[in-house]
Amino acid sequence: MVEAIKSGWITFKSIFIGMGVTIRHFFGPSVTLQYPDERPVIPDKARTKLYVNIDDCIGCHLCARACPVNCIYIDTVPATSDVDLGKTSTGNPKRFWLTRFDIDMAKCMYCDLCVHPCPTNCIYMVPDYEYSEFDRTNLIYHFSNLEPAMVAEVKEKAEKEAAEKQKQREEMMRKKAEEAKKKQMEAKKPPQQNTDGETGTKSDKSDNGDS
Ligand code: SF4
Ligand code: SF4
């Protein structure tokens, strides 16, 4: 009997506490936003959606290496010697064409780790949170601004230049090897013999007053 009264009291007490909270919020100011007519203010450091200012990217891959889920895909092609890609707004020289710079936001976990190592501060979060898609592939963002024809052209030029440089390197190494071989052969040559059967060079003879 005592137990039944005790549990009944606890039940009533819980109901009154719960109702107290409900009534307090019922008369208090509303915190519900009438989205989409009303929108929340996004805090400055909010992790929302990544953006890359591709004109300032130097293709260093630091962001991709820092990403724990490998959702940044970067392909670069070195600029050939006849092309000057200029500098970024932070003064870093640009030496690579960015033939691909994709971020898969469906895989991104919003950790912000890619943002901090960037030497030119060109990858950062923007306050945009309304980007849901029906098709997952639409969440792969492409930031490279090179047309496919241009990509093919820069790749071809870079391959040609790399092949030429490789050829020059090989030629240089071949010449060096030949010179080294020549020197080795000369060092191995037996000393010259004069007509009297004495060994020594011409200069040895002249030094000895035999001229
Ligand atoms: S926020 Fe994190 S998970 Fe997303 S791309 Fe950057 S490093 Fe990768
Ligand atoms: S770290 Fe910055 S500069 Fe380097 S590849 Fe990534 S976005 Fe480009």
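Q: How much of the contact map is long-range here, say for residues 24 or more positions apart?
A: In this predicted model, residues 24 or more positions apart account for 74% of the contacts in the chain that have a separation of 6 or more.

Q: OK, and what secondary structure is there, and in what order?
A: The chain has 4 helices and 5 strands, and read from the N terminus the elements follow the order α-β-α-β-β-β-β-α-α.

Q: How does the radius of gyration sit against the globule rule?
A: The radius of gyration is 38 Å, well over the 17 Å that the globule rule gives for 211 residues, so the chain is more spread out than a compact globule. The C-alpha trace spans about 140 × 55 × 30 Å along its principal axes, and 8% of the 211 residues count as buried.

Q: Which residues have the most contacts inside the largest nonpolar core?
A: That core has 15 residues, and those with the most contacts inside it are V52, C57, I72, L98, F101 and I123. The elements that give two or more residues to the core are β1 (49–52), β2 (72–78) and β3 (96–104), with β3 giving the most, namely 4 residues.

Q: What does L98 touch, leaving out its sequence neighbours?
A: Not counting residues up to four places away in sequence, L98 touches I54, C57, G59, I74, T76 and S144.

Q: Back to β1: which side chains point to which face?
A: The side chains of β1 alternate, with L50 and V52 pointing to one face and being buried, whereas K49 and Y51 point to the other face and are not buried. As background, side chains in a regular strand alternate between the two faces of the sheet.

Q: And which strand is joined to β1, and how do they run?
A: β1 is joined by 4 bridges to β4, which covers residues 123–126, and the two run antiparallel. Within this pairing, Y51 stands opposite Y124 in β4.

Q: Switching to the ligands, what comes nearest to ligand 1?
A: Of the 14 residues around ligand 1, the nearest are C67, C108, C111, L113 and C114. By class, the shell around ligand 1 divides into 13 nonpolar residues, no polar ones and 1 charged residue.

Q: What about ligand 2, which residues are closest there?
A: Ligand 2 is surrounded by 15 residues, of which C57, C60, L62, C63 and C118 are the closest. The shell around ligand 2 has 12 nonpolar residues, 3 polar ones and no charged ones. C57 is also among the residues with the most contacts inside the largest nonpolar core, and C57 is one of the residues that L98 touches.

Methods
Residues are numbered from 1 along each chain as its sequence is written. Chains are lettered from A and ligands numbered from 1 in the order in which they are written. This is a predicted model: local features need pLDDT of at least 70, side-chain atom pairs count only at pLDDT 80 or more; totals for chains, interfaces and linings use all residues. A residue is near a molecule or strand if its C-beta atom, placed from the backbone, lies within 6 Å of it. Ala, Val, Leu, Ile, Met, Phe, Trp, Tyr, Cys and Pro count as nonpolar, Asp, Glu, Lys and Arg as charged, and the others, Gly among them, as polar. The radius of gyration is taken over C-alpha atoms; the globule rule is 2.2 Å times the number of residues to the power 0.38. A residue is buried if 20 or more other C-beta atoms lie within 10 Å of its own, exposed if 12 or fewer, and partly exposed in between; C-beta atoms are placed from the backbone. Two residues are in contact if their C-beta atoms, placed from the backbone, lie within 7 Å. A nonpolar core is a set of buried Ala, Val, Leu, Ile, Met, Phe, Trp, Tyr and Cys residues joined through C-beta atoms within 7 Å. Two strands pair if DSSP finds at least two bridges between them.
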